[in-house]
Structure formats: structure tokens, C-alpha cells
Amino acid sequence: MDKKAYDSYMKTTHRLGRLVSVITLILLVGAPFAIGALLGAMPDLGAVARGFLSVGLVWTVSSVVEFLVYTPMLGAGGSYLAFITGNLINMKIPCAMNAKELVDAKSGTAENEVISTLSIATSSLVTILVLALGVLLLLPLQPVLQSPVLAPAFGNVVPALFGAMAYKYYRKAPLLSLAPLTVMVLLFILVPSLTSSTSFMIIPSGALAIGLSYLAYRKQKGAGI
Amino acid sequence: MTVLQSLNSGGMYLICGAIVAFIAVVCVVFMIRAWRMGKALGMDTTRMKRAITASATFSVLPSVGILLGVLALSGSLGVPWPWLRLSVIGALHYETQVADAAAEQLGISLGDGQMTLQAFSTIALLMSICIMWGMILSTLFNRRYLARLQKGGPAEGKKSGGFGDRAMAAMFIGMVSAYIGSYVGGYISGSGLFSFAGSWTPLAVVAVSALVMAAFIYFSEKKGMAWLDNFSIAGSMLCGMLAAVLIGH
């Protein structure tokens with residue numbers, strides 16, 4: 001193995017990874033302002049700050065955990081790309097693991113670094129291509145999508161998401177799920193005005209679930225499981 | 001011009017398309033560099049080609065699932081913005097939830113026809129800000145973190161995965177509970193304490209969506225149809241949304 005060439009490759013990968021991450025950040029945060037200028041309606045920064053305090057903190061914790069857990073699996077190039085292109089749990093991680101197993105690359109090796117980068121880059125390009133083609137096909141369907149008949153469907157996109165996620169997550173820990181669900185149901189029944197602050201209620205509900213989960217974890221560890 | 005027409009305008013496609021194109025170029029650059037490095041390391045090109053082919057075929061079905069997510073969000077946010085968000089950085093469950101939270105701060109609901117252009121740009125900014133931490137952490141700590149792991153072996157990676165995985169699952173349980181609690185509360189006390197006169201449509205949608213998810217999981221886990229998992233979230237959501245249309249009639 002040409003160690004010098006690999007060290008130089010890694011150095012450039014980190015430089016390039018940092019550079020494109022910063023550019024992507026600027027583009028993604030700048031896009032709503034560009035759109036605001038285009039449409040003549042800038043974002044309401046107060047509402048953004050309040051929204052961030054309610055849901056942003058939850059996703060910040062999630063991002064930290066994802067960074068700590070997935071970076072060692074994906075290596076440098078793969079993780080820079082994966083954090084830029086998203087869809088980690090549902091696609092990028094299993095895709096890279098599948099490629100790694102297929103070619104029998106060992107974690108932490110130069111080979112793994114190369115395979116992981118090739119895999120994540122390919123996966124991202126396929127998604128970009130499929131979505132671009134799909135969007136082209138969606139264009140003629142726009143009048144149908146905007147018809148009043150379909151309005152209730154788009155008005156219930158959030159309950160549809162949480163129904164699917166409820167089954168997916170509750171089945172992992174049915175007993176643990178009972179406590180936050182019961183507390184939240186009672187709270188919303190007794191104080192119906194809270195409905196307009198549902199996203200804020202994620203904080204106590206999430207804290208209760210995480211606290212109970214931690215107690216169960218400690219108990220299991222104490223029992224040596 | 002209606003709000004949705006503005007959100008589907010050529011300018012929107014241009015802004016979103018340019019960012020998607022930039023990310024595509026980044027992927028190609030990383031891919032070419034990795035391929036060249038692999039050859040320089042003496043790796044068998046057949047194995048590298050196999051990794052690329054396997055990753056491409058692996059990604060087709062999940063990508064179609066993600067496309068259904070664009071469809072699900074297109075009625076409230078137009079096509080270009082969900083296309084950008086789900087092509088790069090985002091994931092359907094994240095985008096939907098954050099968009100809804102931002103709408104709540106503005107006193108509207110997604111898809112109820114109250115969307116304004118300012119509400120949209122506000123929602124778009126919150127969606128961008130809430131999920132940027134992975135990139136920020138990667139920019140600041142990727143190199144140092146990987147260097148530490150190289151020195152200390154794989155133990156640290158395992159340590160982070162211990163309670164971390166459980167905490168993430170618990171956090172989602174808390175989030176889902178808050179929303180389902182609000183639907184139950186809305187139905188029972190939404191139009192007066194214990195009046196049972198609120199809308200039951202969201203509850204029915206939750207039930208249908210959860211049942212369809214149960215079916216997806218049953219077939220993918222018990223009947224060996226693991227590929228179905230790629231469509232589970234988007235498929236369940238679309239069935240739940242279809243139920244809302246049927247109830248609406």
C-alpha cells in the first residue's frame with residue numbers, strides 16, 4: 001500500500017469534505033432567503049427561533065448521536081457525503097454496510113474508506129436521479145394534486161406520518177411508550193388549548209421517555225444483561 | 001397566482017435545482033477520487049465495480065419511496081422544495097415534522113389552504129436550520145474524531161451506540177406520543193371539555209397509517225419481503241392520506 005499517497009488522499013478528503021459541507025450549509029440556509037426575495041416574502045425569524053426551541057433541540061440531540069455512531073462506520077469521505085445527502089438510517093447506512101460486506105472490506109481500513117465513499121456517492125446519485133425523473137413526471141400531475149378532492153389528504157400528512165412512526169417505535173418498547181402516551185393524552189384532554197403548542201410538548205414527552213428509557217437501561221446493565 | 005403556483009414556479013425550480021446539481025457534482029468528485037485511490041492502493045477494480053453496482057441497485061427502491069415523500073409534501077409545500085430537501089440532506093419523517101412545527105408557530109396547519117408565501121419561507125428556513133448539525137459536527141470534528149478512534153480502537157464507537165440508540169428511539173416515542181395525544185385531546189375536548197365534538201379524522205388517519213405500517217413490517221419481517229421496508233413510511237403515509245380523502249367524502 002502506498003501510505004504516503006493514502007495520507008495525502010485523506011488530508012484532501014477532509015479539506016474537501018469541510019469545504020463542501022460549509023458551502024452546502026450556506027446554500028441550504030441561504031435558499032429560504034433567496035426564495036423569500038424571489039417570492040417577495042422573507043422568513044419570520046421570530047417564528048423560526050420559537051420553532052427551533054421546540055423541535056430543533058430534539059433534532060440536535062439526534063444529529064449528535066448520528067454523528068458519533070455513524071462516522072466510524074462510514075469513514076471520512078463516506079460520512080461527509082452522508083451528512084450532506086441525508087437519508088442515513090433508511091438508506092445510506094444499510095447501503096454502505098451492504099457494499100462493505102459484499103467486497104469483504106474491514107472497518108477502519110483504507111479499503112473500507114474507498115468502498116464506503118464509492119457506495120454513499122453512488123447511492124446519493126441514484127436518489128438524485130430517481131427524484132429528478134420523478135419530479136419531471138409529477139409536473140403534468142400538478143392540477144390533479146391541487147384539486148379540492150385531494151385537499152384532506154394533504155391536510156392530514158402529519159397524522160399519517162405519526163401513525164406510521166407510532167407503530168414502528170411503540171413496538172420496540174410498548175411498556176415504555178405507555179407512560180408518555182398516557183400523560184400526553186390526559187394533558188391534551190384536560191388542557192385542550194395545548195393543541196396549538198404540540199411541538200413544545202415534545203420536550204416534556206421526550207424527556208419523560210428518555211428518562212424512563214435510561215432507568216430501564218441502568219437496570220439492565222446492573223443485572224449484567 | 002395562488003401560493004401553490006408560486007411555490008411551483010420556474011424560479012423555485014431554478015434555485016432548488018441548482019443546489020441539487022451542486023450536490024450531484026460533489027458526489028461525482030468524491031466518487032472519482034475514491035476510485036482513483038482504490039486503484040492506487042491496488043484494489044481489484046471488479047470489487048469496486050461490484051460495490052458501485054450493488055449500491056446503485058440497493059438505492060433504487062428506497063429512492064422511489066423517497067419520491068413518494070415528495071408527492072406527500074407537494075400539496076402543502078409545492079414540488080421544488082420537498083424535491084430539494086429529500087434529494088439532499090433530509091428524510092421524510094424529519095421534514096414533515098419540522099414543517100408542521102414551523103406552521104404551528106405561524107398559527108396555521110400544513111395543507112389546510114392557509115399557507116402564505118411568508119409562512120412558506122419561514123417553514124423552509126426552520127427545515128434548513130434544524131437538520132444542519134450533522135454537517136456542522138462533521139465539518140468541525142470528523143477528522144479529530146476519526147483520528148481518536150484510530151488510536152483508541154473501535155471501543156468508542158460501540159460506547160456511543162449503547163444508550164445512544166435507546167435515547168433516539170425514546171425521543172421518537174416521546175415525539176409521537178405528543179402528537180397522538182394532541183389528536184385524542186382535539187377530538188375529546190377540542191370543541192369544549194369532554195364534548196367529543198372535535199375532528200376524528202386525524203385519529204382515523206393515525207389508525208390507518210399504523211395498521212398499514214404493521215402490515216408492511218409483517219410482510220418484510222415474517223414473509224421474507226425485506227424490500228418492502230423501503231416503502232413502509234411513504235406507503236403507510238399515502239394510505240393514511242387516502243383514508244382522509246375517503247372520510248372527507
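How many residues does the contact take from chain B and from chain A? I looked this up first. The contact (heavy atoms within 4.5 Å) takes 148 residues from chain B and 153 residues from chain A.

**Ground rules**

I am working on a predicted model, where local features need pLDDT of at least 70, side-chain atom pairs count only at pLDDT 80 or more, and totals for chains, interfaces and linings use all residues. Residues are numbered from 1 along each chain as its sequence is written, chains are lettered from A in the order in which they are written, and side-chain values use heavy atoms, with hydrogens and water left out.

**Chain B against chain A**

I took the buried area next, meaning the accessible area (1.4 Å probe) that two parts lose on being put together, summed over both. Between chain B and chain A this is about 13600 Å², and carbon and sulfur atoms give 77% of that.

I then checked salt bridges (a side-chain nitrogen of Lys or Arg within 4 Å of a carboxyl oxygen of Asp or Glu). The rule finds 2 across this interface. One of them pairs A:Arg171 with B:Glu221, with the closest N and O atoms 2.9 Å apart.

For polar contacts I used N or O atoms within 3.5 Å; within protein, one must be able to donate a hydrogen and the other to accept it, and residues adjacent in sequence count only if both atoms are side-chain atoms. The count between the chains is 24 residue pairs, both residues at pLDDT 80 or more. On the chain B side, helix H8 (residues 155-189) gives the most to the surface touching chain A, with 29 residues. Helices here are DSSP runs (H or I, at least four residues), numbered from the N terminus.

**The core**

I looked up the largest nonpolar core: buried Ala, Val, Leu, Ile, Met, Phe, Trp, Tyr and Cys residues joined through side-chain atoms within 4.5 Å. Buried means under 20% relative accessible area, exposed over 50%, partly exposed in between (1.4 Å probe, protein chains only). This core has 147 residues, and B:Trp81, B:Leu110, B:Phe120 and B:Ile123 touch the most other members. Helix H2 (residues 45-85) of chain A gives the most to this core, 16 residues.

I followed B:Ile123. Not counting residues up to four places away in sequence, B:Ile123 touches residues including B:Leu77, B:Ala99, B:Leu110 and B:Met115.

**Two domains in chain A**

Chain A is divided into domain 1 (3-145) and domain 2 (150-222); the bounds come from an automatic or database domain assignment. Their centres, taken over C-alpha atoms, are 27 Å apart. The contact takes 7 residues from domain 1 and 6 residues from domain 2. The buried area is about 540 Å², with 78% from carbon and sulfur atoms. I found 0 salt bridges between the domains. Polar contacts also came to 0 residue pairs, both at pLDDT 80 or more. H2(A) supplies the largest share of the domain 1 side, 5 residues.

**Single residues**

B:Phe194 has a positive phi near 55 degrees and is not glycine. B:Phe194 sits in the loop between H8 and helix H9 (201-222) of chain B and is partly exposed at 47%. B:Phe196 lies in the loop between H8 and H9 of chain B. Its phi is positive, about 50 degrees, and B:Phe196 is partly exposed at 46%.

A:Asn112 lies in helix H4 (residues 110-138) of chain A. A:Asn112 counts as buried at 3% relative accessibility.

Technical notes: Helix = DSSP H or I, 4+ residues; strand = E, 2+ residues; numbered from the N terminus.
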